[in-house]
Every structure is written in C-alpha cells, then in structure tokens.
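Visitor: I've never looked at this one before. Please show it to me, and then I'll start asking.

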Amino acid sequence: MMRAFVTALFLLLLGASANAERLIVSVSNHRVTVTPNYSGEELVLFGSVEKDAATPTDRTAYDLVVTVMGPRADMVTRRRERKFGIWINTDYRQFLQVPSYLALFANRPFEAITSPEIARRQQIGLNNVLLTQRVSGDYADVVPNDAFRSAFTRLRTQRGLYREDASAVTFLTPTLFRTGIPLPAEVPIGTYEVEIKLFANGAFIGKTETAFEIVKVGFEQFVATTARQNGLVYGLVTAAMALMTGWMASIVFRKD
Amino acid sequence: MQLYLPIADLPVNVFLVLAMGAAVGFVSGMFGIGGGFLMTPLLIFIGITPAVAVASVASHIAASSFSGALTYWRRRAIDPALASVLLCGGVTGTALGVWTFTQLRALGQLDLMIALSYVVLLSTVGSLMFSEGLRALMRTRRGAVPPRRTHNWIHGLPLKMRFKRSKIYLSVIPVVVIGIVIGFIGAIMGIGGGFILVPIMIYLLRVPTSTVVGTSMVLTLVTMLFATMLHAVTNHLVDAVLALILMVGGVTGAQFGARAGQKIRGEQLRLLLGLLILSVGVRFAVELVIRPEDLFTIRELGVSG
C-alpha cells in the first residue's frame, strides 16, 4: 500500500517535471516586523506559470492552491461539560505540531479544482490538512467532522488564524497570478512556509515553495522574551518595580 | 490609547486599566485592604486569562502593600516579631500555592479552581462580614455595649511567645498556620488576603487594632513579592506592563480612598465591604452555573521552531 503510494507520488512528480510548467513566485515582504501598535497587515504573493516546449498546447487554464503555514506548536483542546451543576473541563485532545497559522487560498472552489482523492493527498482544504492528534497513546488525524477537530479549526478561524478562501487567488493574465495573505494582529512569530500547488484539468502538475518570517520588535517583545528566557531576572525586576512604585507613592502622598 | 500586553498577549486600553486600578485602589484605601480580590476578577472579566491575572495582580498588591507598610512603619504600627512568625508560615504557604497552581494548570482545571475558590471564600467571608456589620450597627442603634472579649481555645496552645509591640502572649502554632493558609490561597487566587487576615487576627488571635493592619500588610508584601518571583520563574505568567499600569492607578486611588474611608463609620464600612465581597463571590458563582458561550477552549503548549 505504502509502496504503491510512493510510486504513484513519484510518477506524479515525474509527470510534473516532464510537463515542465515552472512556477515562479515571490512575496511582497520576506520579513514582516510587528511593532507594538501593529493591527494586522496583508502580504501579497505574486507569481507566474512559465510554460516551455514540453507543455501541451491545449493546456490553457490553470488552477492554484496556496497554503500558508505558520510555526508549528502543540495545542490542547478542552471540552466543558456540566457536572454537579457547574461547567467544568472534562475531556481533552492534544494536537501535536500543528500550524499556529494556516491559510488556504485558491482561485475557485477546492472541489471544482480537483478530485476528493487528490485533494486529500495534497492536503487541499482545511478538512484535508493533516492535524495530528494524540488519541490514547496513538498518533493520528481523525475524520474532519470529529468534535474536537472541528472545534479546533472553528476556534482558530474565529481568531483569524486559520482561514480558507477559494476566491483569494486572482489570475491577472492566464499565467500571471496574485493573492493576498492577511496576517491578523495576534499573528504568531516565526517562519511561515508558503506552498503553491498548480493544477490543470483536475490533475496536480507541480508545486513550488517560498517562505517569509514574522518578527516582533519593540519593548513588548523584549519583555515577552525576557519573561520566557530569564524568568528569575524578570521576576526580580518586576518585584523591584513593585517596591519602587510603592515607595514613590508613599513619598508623593506623604501627609506629615 | 491601545497598548499590547506582552504576556497576556492582548491589546488593552491603557486608560481602562488605569481607571480599574484607580477604582480598586480607592476601595482598597477606603477599607484598608489590598484589593486583590477585586482586581483579579476585574482583569478576568476584561478578557485576561485567570492565570495571567492572578500572577500579575500579585506584583500589584506588593506595590500597594509596600506603600502602606512604609506608612505604618513610620507610625510604629507594625509588630516585627509577630510579622516574622507569620512570614515563616506565609512563605511556605506561597510556595505550596504556586506549586499547586502549576499542577492545576497542567491538568486544565486552574480556571475552575480559581472560580470555585472565589465563590467559596468570598461568599463565606462576605456573609460573615455583612452579618457582623449588621449586628454591630443594630447594637449601636440600641446603644448596647459590645460583648467583652474573652480568651478562647487558641490561647491554651503550647509554644507560647511574647509579642512585645502588640502586648500579647500567644502560641506560635496558630500564627504559623494562619500564615500558611493566607500564603497558599493568595498564590492561587491572586489576593493579598488582608481582608481575611485582619478579621482572623483580631477575633482569633486578639491582636490589638493598633498593630493589626500594619503587621498584616508586611505579610501581604512579602508573600506577594515571593509569589511574583515564583510565578515568574515557574509559569512565566507575570505581565510586568499590566502590573505597572495597575500599580500606578492603584496607589493613586488608594490615597483618595483612605481619605474617603475616614468619613464613614466603622460598622457601615464593614457592612459595605461585606456586601462588596459577597457580590464578587456571587458573580463567580453565576459564571460557573450558566452555560458557557463556547464549550471548547484551546491552549498552546509552546511554539517550537
């Protein structure tokens, strides 16, 4: 089974290189700096599909799926239930090394671009992206309609950190395309991988990758980093700050 | 003016937090308490996670109790011997509290425990204070004399010690135990514990009113400083920016509160404080009973790479 899959994948890749469309892409900014008053931003991804002699002449319409993945992290989803009259956390699932930011963009609905099998294999659509869970010692992704998985994607989507937009990619000419990558205010810092997958007539014919980086700068970031890396120094400084404030107040408001 | 809180990971309005600090400071100055039991819930209600709220309020209480303690020290209203014995228990209790806090957080039950502790503690203390205030008020109406204080079982315990400035002769066992309890609940709930400690010291230990508030402030100061340190080292949850805004608002509000408090009679003050504590407890109880908007929550366990 596994071997058959690998062979199929290999043939597919081989096919892609034989077809020889080349994807050339670039993001508008490879290093996004988040300042304290940052309230979200949009990056732009440009690209073009380069044909060469090997390209079948009848192939004119292309479809694109752009996947943006932020730094990976372990997350826990908990469910509250009513017990003894109050709402308490009862059950939980651990999601292992899932992207903290995930965006899927296409030029038309995912189901119109390719078949469900290829969509699953190429992880096209939020329902098909691999989100590994730890289920009683086992590691696996579950069906998309699993309560914890759907709650997880729903909550991430509410915060603007997971998104799916099947009309975000626009073709300026039949081979030139662009898409916006919205980054919300609470965007996680780190390296973002961008994967651009090319489809024609429902078949996957090639992909390319690029990346950008999000760095936070300024006093707030300095505070956050210090708190995480030098807990002791941070605690001492905070304690000293508390004493200073208290002492100054007792001087300013002295009633003698 | 929006400001991004680095640890709470949340943009807040500076003036809102400053006003909250001042309002709580006013109340705390009026009643002579730290105000943590009001500050922590308020922060939770504006969307800061209970864990960050508890850890950050600790440093805020340290600031306000330090300015209070300095004033009492100048007036020689602190009993150093009593304070040191209390601290032996307080520091132990705080360490235990922060350890429990970390364990509960890993289990995902921290928010529930914080809410439950608030409900139980605040409704009990609130009702006791309220009914006591009511009785005292009726007594003064009728013109009766308050019942004479008598010694109780606590004064029969061994390991007695003389506390000179408070002019009491008392076993160290209840003092250390009270220190442990206050330190423990303080670290878990983000409160200084002054509003519980002062009545306990007056009614159970018979500490004279001249030294009770100053001495309890020393305990609050040291346990809260210690809690700040431990929360910073173990859980990385202390938001210094948030704490600073709260401190500035708090110490300012406290000065005006103290002046306002002098104009109100003692029994009425206790009645009001009891009502206030009780309502915070009820607010938490309601929160627990009604169905939450979303049954699911996500927590990140740390970003890698």
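Guide: Let's fix two words: helices (H or I, at least four residues) and strands (E, at least two) are DSSP runs, numbered from the N terminus, and two strands pair if DSSP finds at least two bridges between them. Residues are numbered from 1 along each chain as its sequence is written, while chains are lettered from A and ligands numbered from 1 in the order in which they are written. Keep in mind that this is a predicted model: local features need pLDDT of at least 70, side-chain atom pairs count only at pLDDT 80 or more, and totals for chains, interfaces and linings use all residues.

Visitor: What is the strand order of the open sheet of six strands in chain A?

Guide: Chain A has six helices and 14 strands to choose from. The pairing in this sheet is mixed, and its order reads 2-14-13-4-7-10.

Visitor: Which strands stand at the edges of that sheet?

Guide: Look for strands with a single partner, so that one side of each is left without a neighbour in the sheet. Those are strand 2 (31-34) and strand 10 (162-165) of chain A.

Visitor: What does the twist average from one strand to the next?

Guide: Axes here are lines fitted to C-alpha atoms (for helices over the stretch in contact), and angles run from 0 to 180 degrees between N-to-C directions. Going from one strand to the next in this sheet, the twist averages 15°.

Visitor: Which residue is the bridge partner of A:Met69?

Guide: Strand 4 (residues 63-69) and strand 13 (residues 190-200) of chain A run antiparallel and are joined by seven bridges. Over in strand 13 of chain A, A:Met69 is partnered by A:Glu193.

Visitor: And in the open sheet of four strands, which residue stands opposite A:Phe171?

Guide: That sheet of chain A has antiparallel pairing and the order 1-3-12-11. Its edge strands are strand 1 (22-27) and strand 11 (170-171), each pairing on one side only. Two bridges tie strand 11 to strand 12 (residues 176-183) of chain A, running antiparallel. In strand 12 of chain A, the residue opposite A:Phe171 is A:Phe177.

Visitor: How far apart are the centres of the two domains of chain A?

Guide: The domain bounds, which come from an automatic or database domain assignment, are 20-217 for domain 1 and 219-256 for domain 2 of chain A. Between their C-alpha centres, the distance is 41 Å.

Visitor: Is A:Gln97, with its positive phi, buried or partly exposed?

Guide: A:Gln97 belongs to strand 6 (residues 86-99) of chain A, and its phi is near 50°, positive even though the residue isn't glycine. A residue is buried if 20 or more other C-beta atoms (placed from the backbone) lie within 10 Å of its own, exposed if 12 or fewer, and partly exposed in between. A:Gln97 has 15 other C-beta atoms within 10 Å, so the verdict is partly exposed.

Visitor: How many residues of chain B take part in the contact with chain A?

Guide: Two residues are in contact if their C-beta atoms, placed from the backbone, lie within 7 Å. Chain A puts in 47 residues, and the number from chain B is 47.

Visitor: Which elements of chain B supply at least two residues each to the side that touches chain A?

Guide: That side of chain B divides into 29 nonpolar, 14 polar and four charged residues. (Ala, Val, Leu, Ile, Met, Phe, Trp, Tyr, Cys and Pro count as nonpolar, Asp, Glu, Lys and Arg as charged, and the others, Gly among them, as polar.) The elements are strand 1 (2-5), helix 3 (50-74), helix 8 (209-235), helix 9 (240-261), helix 10 (266-289) and strand 5 (296-303) of chain B.

Visitor: Which helix gives the largest share of the largest nonpolar core?

Guide: A nonpolar core is a set of buried Ala, Val, Leu, Ile, Met, Phe, Trp, Tyr and Cys residues joined through C-beta atoms within 7 Å. The largest has 108 residues, and B:Ala62, B:Tyr118, B:Leu221 and B:Leu225 have the most contacts inside it. The largest share, 14 residues, comes from helix 8 of chain B.

Visitor: Which residue of chain A does B:Val248 touch?

Guide: B:Val248 lies in helix 9 of chain B and counts as buried because it has 20 C-beta neighbours inside 10 Å. Leaving out residues up to four places away in sequence, B:Val248 touches B:Leu18, B:Gly21 and, from chain A, A:Thr245.

Visitor: Last one: how far apart in space are B:Gly186 and B:Met224?

Guide: B:Gly186 sits in helix 6 (residues 172-189) of chain B and is buried, since 32 C-beta neighbours lie inside 10 Å. B:Met224 is one of the residues B:Gly186 touches. They are 38 residues apart in sequence, and from C-alpha to C-alpha the separation is 7.7 Å.
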